[in-house]
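User: I would like to go through the classifications used for this model and see what each one rests on. Please set the values against the cut-offs.

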Amino acid sequence: MTLCTAYIRQANETEELIFATDSCLTVAESWKHGIKLFELPRKDCLICFTGGTHRAYPLVLNLISSIHLNEYLNSTASSIEDIIDYLSDLFSDLVKKIDPEGQDIHMLRGEARFLFGGWDWKSNRFRVWKLYYKKDVEGFVFDELTADPTKKRFYTFLGEANGTDIEEDAKQAYKDLIFKEDKQDDPIDMEPLRILKGISLDKGIREVDGSLQIAKIYNSNRTEFFGIYWESSKGKPCFQGREYNDINKPLVRYFDPDTFEVLESDLPNKLNNISEELYQDDFETVKECYDEDGYLKEDLSEKKKHTLRLIFKEVAYRQFMIQQEKEEAQQEIKEEA
């Protein structure tokens, strides 16, 4: 069970396709730290699921492995349409091998549904499909949700929860939100994420829970996965459903769930002391990244930012060890006295 969303966000003069889901896996138990949004070997598409984890995981893992091993599907010569065709055939073939052991075979085959989408270089636009099992064809079929390229605004929700039509509830909540804020004609920004967050925090909906998993696809055939602080900006950094701390968190960009602004950098905006004594062999690197007044330069590459984070962690650890040695020395003096 889960609730996921996909929508096209218009950011300044460009567009980006956003996928997001909660992190709760439910089978015989509930576990809110599961991966439900998957990166594929090719970087122009994503897939997430709703329904039975025991059904979805084998299918998705087979897909990832198959793309890895298929030279054509893993090349730029193939398009996202090739992937969805292959995906449908693969899933259909796999579920036909399920042994029902006396249960309804069609129910077992259809226990998971999927959202799949990405950048289509052939039509020069983002495309999203819903993939699901259909009894009369005994296989997985797909409906394109972005079939009308003239439609200016696209969003969708896909979800399941016991006792409620969570999918329709989410769509209605979105409509209520944009009506309340008078955004009916505005480009979609972070409204679907706000709806997803609200439902995930609703303790009355057990099947939708855990921190949000968020990724973007850009029209440059590139995907980016984001972390998020959960359950608020004062919470812990989370990535793909797992909690971290500020020391060991993955080096990705993080969302502030209170504003849904991206925390562009967790680096200090200003350094008061850029000295060789403090930074030692990394002094020149740090100096290159900050201007003469000690402010972080705005045009730093992600590689430089990554390097700075590692440097600051090393400095913090070095200072911690120096402090520890001082305290141990002081303790020895006290004991000798």
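User: In the loop between which two strands does Asn221 lie?

Analyst: The model is a predicted one. Asn221 lies in the loop between β11 (213-218) and β12 (222-230).

User: Why is Asn221 called partly exposed?

Analyst: Its relative accessible area is 33%. Buried means under 20% and exposed means over 50%, with partly exposed in between. The value of 33% falls between the two limits, so Asn221 is partly exposed.

User: Which residues is Asn221 in contact with, leaving aside its neighbours within four places in sequence?

Analyst: Asn221 is in contact with Lys43, Asp44 and Trp119. Trp119 is 102 residues from Asn221 along the chain, and their C-alpha atoms are separated by 6.4 Å. Contact here means heavy atoms within 4.5 Å.

User: What makes Lys197 buried or exposed?

Analyst: Lys197 has a relative accessible area of 17%. The limit for buried is under 20%, so Lys197 counts as buried. The residue sits in helix α5. Not counting residues up to four places away in sequence, Lys197 touches Leu212, Trp230, Glu231, Pro257, Asp258 and Phe260.

User: What kind of peptide bond joins Trp230 and Glu231?

Analyst: The bond between Trp230 and Glu231 is cis, with omega about 10°. Glu231 lies in the loop between β12 and β13 (236-239).

User: What is the relative accessibility of Pro192, and how does Pro192 count?

Analyst: The relative accessibility of Pro192 is 0%, so the residue counts as buried, the limit being under 20%. Pro192 is in helix α5. Not counting residues up to four places away in sequence, Pro192 touches Thr5, Tyr7, Tyr155, Phe157 and Tyr174.

User: Why are α4 and α5 called oblique to each other?

Analyst: Helix α4 (residues 166-180) and helix α5 (residues 191-200) pack at an angle of about 125°, with their axes 10 Å apart. Roughly perpendicular covers 65 to 115 degrees, and roughly antiparallel begins over 145. About 125° belongs to neither range, nor is it under the 35 degrees of roughly parallel, so α4 and α5 are oblique to each other. Their crossing is right-handed.

User: Which residues of α4 meet which residues of α5?

Analyst: From α4 these are Ile166, Ala170, Ala173, Tyr174, Leu177 and Ile178, and from α5 they are Glu191, Pro192, Arg194, Ile195 and Ile199. By class, the contact of α4 with α5 has nine nonpolar residues, no polar and two charged. Glu and Arg count as charged, and Glu191 and Arg194 are both in this contact.

User: What is the relation between α1 and α2 called, and why?

Analyst: The axes of helix α1 (residues 53-69) and helix α2 (residues 80-95) come within 10 Å and cross at roughly 130°. That makes α1 oblique to α2, since the angle is past the 115 that ends roughly perpendicular and short of the 145 above which roughly antiparallel applies. α1 passes α2 in a right-handed crossing.

User: How do the residues of the contact of α1 with α2 divide by class?

Analyst: Leu59, Val60, Asn62, Leu63, Ser66 and Ile67 in α1 meet Ile83, Tyr86, Leu87, Leu90, Phe91, Leu94 and Val95 in α2. These divide into eleven nonpolar, two polar and no charged.

User: What is noted about the phi of Asn124, and is Asn124 buried or exposed?

Analyst: Asn124 has a positive phi of about 60° although it is not a glycine. With 56% relative accessibility Asn124 is above the 50% limit, so it counts as exposed. Asn124 lies in the loop between β7 (112-120) and β8 (125-134).

User: What makes Asp182 buried or exposed?

Analyst: The relative accessible area of Asp182 is 58%. Exposed means over 50%, so Asp182 is exposed. Asp182 is in the loop between α4 and α5, and its phi is positive, about 55°, although it is not a glycine.

User: For the chain as a whole, what share of residues is buried?

Analyst: Buried residues make up 46% of the 337 residues. The protein chain has eight helices and 16 strands. Its accessible surface comes to about 18200 Å², with 47% of that belonging to carbon and sulfur atoms.

Methods:
Residues numbered from 1 in each chain as written. Predicted model: local features only at pLDDT ≥ 70, side-chain atom pairs only at ≥ 80, totals over all residues. Heavy atoms only, no water. Axes fitted to C-alpha atoms, helices over the stretch in contact; angles between N-to-C directions. Helix = DSSP H or I, 4+ residues; strand = E, 2+ residues; numbered from the N terminus. Left-handed = near helix turned anticlockwise from the far one by under 90°. Buried < 20%, exposed > 50% of the residue type's maximum accessible area, 1.4 Å probe, protein only. Areas by Shrake-Rupley, 256 points an atom, 1.4 Å probe, with all protein chains shown as cover.
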